[in-house]
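Biologist: Before we discuss this assembly, I should like to see it. Please show me the sequence and the structure, and then let us reason through the terms one by one.

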Protein chains: 2
Amino acid sequence: MPALERRSLLQELTLRGVRITDQRRILLETIQESDRHLDAATLLALARRRDRQINRATVYRTIELLKKLRLIEELDLVNVNGGKHYLEAKTTVDRLRLACFKCGRIEDFTSPLLERWKAEISRLRGFQIQIVRLEVGGWCSKCSGGKDRNGSSDEAL
Amino acid sequence: MPALERRSLLQELTLRGVRITDQRRILLETIQESDRHLDAATLLALARRRDRQINRATVYRTIELLKKLRLIEELDLVNVNGGKHYLEAKTTVDRLRLACFKCGRIEDFTSPLLERWKAEISRLRGFQIQIVRLEVGGWCSKCSGGKDRNGSSDEAL
DNA sequence: TTAAATGCAAATCGTTTGCATCTGT
DNA sequence: ACAGATGCAAACGATTTGCATTTAA
């Protein structure tokens, strides 16, 4: 496990000799300070609060850069909100996302099972895992009330 | 576990009182006979071999219908091939997809851990699981050769 | 008969690209 | 100085929509 957990995105980029521009600095900070589940359009909007000039293309190019360096993760969130992808700074431990089809809330879930699973996959398949994306869709505890049964609705999703 | 595994998509729709059109019949068969990992454009192309008239809009509307009824699953495959989503008829057992960033191949992986995990999530979070989407990106055994180490490339993804 | 499904074409949404200009190192 | 980053606007690919017409039940 590489030790890139405590450094900021900015530090990571600097360390890797990547050129730091004002725009990148702002985007990195915005991602890091965000409350997670940021899509590209929101990132652009937030970044523009700090620098009105920042361009959409720069946002996408920075996202691509950070993906390549594996400093951020990209989520699809079982397509709850259409085609867009969501970003977040990579953390030490992999997490599973629970997306509620009714209220749209995203919960995180971590489990020691996950590490065992990754090991099992690597061992059995010889697969070098770079990205793990685990997404569950359904009804959260609030929205399922306490009695609703599974799989009977034509409404959800 | 509901017993909707052995019926065809057509039977499922009929059973639920959904109107069956020629186009739907063709689309359902195409999905079912396909070798998996079908995107909307491919589905349209394949369906058109049977009926040159089938329209793109109908394809998307049918996909949406089947998603709502939870008869198909939609995958993003860690975005390996850009924005499109992939479809497949739902099967009894949930599977994890291993997408190779180098050769693009998709492998399936099943594990008894998965069922335990789902149970754990339901129990601990009170979450009613409708969809499980598990995607792993990395290098398959062929592409990782046998010695390539993890996380050192700026190339992949 | 009629609510629902289709075809068509245009619109929309997220993302990418070519190119001239600017900037970090 | 110059490779690399940016802004802009246009292009792109996937998906959605409005509306007039057709069709399954």
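Modeller: The following exchange takes up the fold, the buried residues, the cores, the interface and the DNA surfaces; please note that this is a predicted model.

Biologist: What makes up the fold of chain A?

Modeller: Chain A contains 5 helices and 6 strands. Along the sequence these elements appear in the order α-α-β-α-α-β-β-β-β-α-β. Chain A has 157 residues, and 46% of them count as buried. Of the contacts in chain A that join residues at least 6 apart in sequence, 48% link residues at least 24 apart.

Biologist: Why is E88(A) called buried?

Modeller: The term requires a relative accessible area under 20%. E88(A) has a relative accessibility of 1%, and therefore it counts as buried. This residue belongs to strand 3 of chain A, residues 86–89.

Biologist: How do you know that the side chain of E88(A) makes a polar contact with the side chain of R95(A)?

Modeller: The limit for such a pair of N or O atoms is 3.5 Å. For the side chains of E88(A) and R95(A) the value is 2.7 Å, so the pair falls within the limit. Leaving out residues up to four places away in sequence, E88(A) also touches other residues, including R36(A), H37(A), E73(A) and R97(A).

Biologist: Is L28(B) buried or exposed, and how do you know?

Modeller: Buried means under 20% relative accessible area. L28(B) has a relative accessible area of 1%, so it is buried. It is found in helix 2 of chain B. Apart from neighbours within four places in sequence, L28(B) is in contact with L9(B), L10(B), L13(B) and L66(B).

Biologist: How far is L28(B) from L124(B)?

Modeller: Their C-alpha atoms are separated by 37 Å, and the two residues are 96 places apart along the chain.

Biologist: What makes up the largest nonpolar core?

Modeller: This core has 28 residues, and those touching the most other members are L96(A), W117(A), I121(A), L96(B), W117(B) and I121(B). Strand 4 (96–100), helix 5 (112–125) and strand 6 (128–139) of chain A, together with strand 4 (96–100), helix 5 (112–125) and strand 6 (128–139) of chain B, each give two or more residues to this core. As for I121(B), it touches L96(A), L98(A), F109(A), G126(B), F127(B) and I129(B), with residues up to four places away in sequence not counted. Apart from this core lies another, of 22 residues, among them I26(B), L71(B), I72(B) and A89(B).

Biologist: How many residues of chain A and chain B are in contact, and what area do the chains bury?

Modeller: In chain A, 51 residues are in contact with 51 residues of chain B. The two chains bury about 4,800 Å² between them, and 56% of this area lies on carbon and sulfur atoms. W117(A), R125(A) and F127(A) supply 16% of the area that chain A buries against chain B, more than any other three residues.

Biologist: Which residues are closest to DNA strand D, and how is the surface near it composed?

Modeller: DNA strand D is surrounded by 19 residues, of which T21(A), Q23(A), T58(A), R61(A) and Y60(B) are the closest. The surface near this strand has 6 nonpolar, 6 polar and 7 charged residues. Helix 4 of chain B gives the largest share, 4 residues. Among the atoms of DNA strand D within 4 Å of the protein, 63% belong to sugar or phosphate and the rest to bases.

Biologist: What makes the approach of R24(A) to DNA strand D a polar contact?

Modeller: An N or O atom in the side chain of R24(A) is 3.3 Å from a phosphate oxygen of DNA strand D. Since the limit is 3.5 Å, the pair qualifies. Polar backbone atoms of two residues also meet the limit: Q53(A), 3.4 Å from a phosphate oxygen of the strand, and N55(A), at 3.2 Å from a phosphate oxygen.

Biologist: Which residues come nearest to DNA strand C, and where does R19(A) meet it?

Modeller: Of the 18 residues around DNA strand C, the nearest are Y60(A), T21(B), Q23(B), T58(B) and R61(B). A polar side-chain atom of R19(A) lies 3.4 Å from a base oxygen of this strand. For R24(B), a polar side-chain atom lies 3.2 Å from a phosphate oxygen of DNA strand C. Helix 4 of chain A gives the most to the surface near DNA strand C, with 4 residues.

Note on methods:
Residues are numbered from 1 along each chain as its sequence is written. Chains are lettered from A and ligands numbered from 1 in the order in which they are written. This is a predicted model: local features need pLDDT of at least 70, side-chain atom pairs count only at pLDDT 80 or more; totals for chains, interfaces and linings use all residues. Side-chain values use heavy atoms; hydrogens and water are left out. A residue is near a molecule or strand if one of its heavy atoms lies within 4 Å of it. A polar contact is a pair of N or O atoms within 3.5 Å; within protein, one must be able to donate a hydrogen and the other to accept it, and residues adjacent in sequence count only if both atoms are side-chain atoms. Ala, Val, Leu, Ile, Met, Phe, Trp, Tyr, Cys and Pro count as nonpolar, Asp, Glu, Lys and Arg as charged, and the others, Gly among them, as polar. A nonpolar core is a set of buried Ala, Val, Leu, Ile, Met, Phe, Trp, Tyr and Cys residues joined through side-chain atoms within 4.5 Å. Buried means under 20% relative accessible area, exposed over 50%, partly exposed in between (1.4 Å probe, protein chains only). Contact means heavy atoms within 4.5 Å. Buried area is the accessible area (1.4 Å probe) that two parts lose on being put together, summed over both.
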